[in-house]
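User: Hi! Could you walk me through some charged and polar residues in this model?

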Amino acid sequence: MKKRNFKGFTLIEIIVVIAIIGVLAAILVPSVTGYIAKARRTHDMSSGRKISEDVSSLISENEVAEKSFYASSKAVTAPLWHKTDPVTGDNYDLIVIAVMNGGSGCKGAFWNWTETEAEHKDFVDALNADLGYSGTDTKLPIKYQPKDAAKPVNRWFLCYRSDDNSEIEVWVGNGGSQSQGKGEPMYRTFPKPAY
């Protein structure tokens, strides 16, 4: 009697291998997705810290820029956003000084800072010129998109609190509404990141 020598896999073996691959994929995909989101958040927080350090350096070295940044009439005329601090729960008003595009989804994209009020022009001009924010080679893309964001997060906002101008805050938000400045700050990236 002749023995048959089958080469290959049985259907059961193939099904078991596919099932094992499926289980491993179900375990790994959420982990990898979480790591990617964390890396994007970290990138945005790092960019927010860099922006804050650049601004602090500029206003400590340039008196004209400092006066323009802390212009006296801005408490009345500047765009005020009512925010709740996610860390402390305090309510406060946020004064937006300048805005910069951080995403490709904006129409008429700008990759340098733009003042929200004319009185901040000297500060913004110094920021763009002295610190090299002008031009397409200095883009600071916003990489993280929170799931609860109703609109695309595509703008950087340079701000401080109306009751305490000692700390510069950097926020990200959308560029949709033009009613107050150029969009709305939604999530703080520096200091004490809110997302």
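Analyst: Happy to; below we go through salt bridges and then two single residues. This is a predicted model, in which local features need pLDDT of at least 70, side-chain atom pairs count only at pLDDT 80 or more, and totals for chains, interfaces and linings use all residues. Residues are numbered from 1 along each chain as its sequence is written, and side-chain values use heavy atoms, with hydrogens and water left out.

User: Great. How many salt bridges does the structure hold?
Analyst: It holds 5. A salt bridge here is a side-chain nitrogen of Lys or Arg within 4 Å of a carboxyl oxygen of Asp or Glu.

User: Which residue forms one with Glu-184?
Analyst: Lys-83 does, with the closest N and O atoms 3.5 Å apart. Glu-184 lies in strand 6 (residues 184–190) and Lys-83 in strand 1 (residues 80–84), so the pair ties together parts that are 101 residues apart in sequence. Strands (E, at least two residues) and helices (H or I, at least four) are DSSP runs, numbered from the N terminus.

User: Is Lys-83 buried or exposed?
Analyst: Lys-83 is buried, at 11% relative accessibility, while Glu-184 is partly exposed at 29%. Buried means under 20% relative accessible area, exposed over 50%, and partly exposed in between, using a 1.4 Å probe and protein chains only.

User: What about Glu-169 and Arg-161?
Analyst: Their side chains meet in a salt bridge at 3.1 Å, N to O. Glu-169 is buried, with a relative accessible area of 2%, and Arg-161 is buried at 16%.

User: And where do Lys-67 and Glu-63 sit?
Analyst: Both are in helix 2 (residues 63–69), and being 4 residues apart they are separated by about one helical turn. They form a salt bridge with the closest N and O atoms 3.4 Å apart. Lys-67 is exposed at 57%, as is Glu-63 at 53%.

User: Switching topic: what is the nearest side chain of opposite charge to Asp-44?
Analyst: That is Lys-143, 7.4 Å away, and Asp-44 is buried yet has no salt bridge. For charge, Lys and Arg count as positive and Asp and Glu as negative; His and the chain ends are not counted.

User: So what is around Asp-44?
Analyst: The backbone nitrogen of Lys-143 lies 3.0 Å from a polar atom of the Asp-44 side chain. Leaving out residues up to four places away in sequence, Asp-44 touches several others, including Trp-156, Thr-189 and Tyr-195; contact means heavy atoms within 4.5 Å. Asp-44 itself is in helix 1 (residues 11–61).

User: Last one: where is Asn-91 found?
Analyst: Asn-91 is in strand 2 (residues 91–101) and is exposed, at 63%. Neighbours within four places aside, Asn-91 is in contact with Lys-83 and Thr-84.

Note on methods. Polar contact = N/O pair within 3.5 Å; in protein donor to acceptor, adjacent residues only side chain to side chain.
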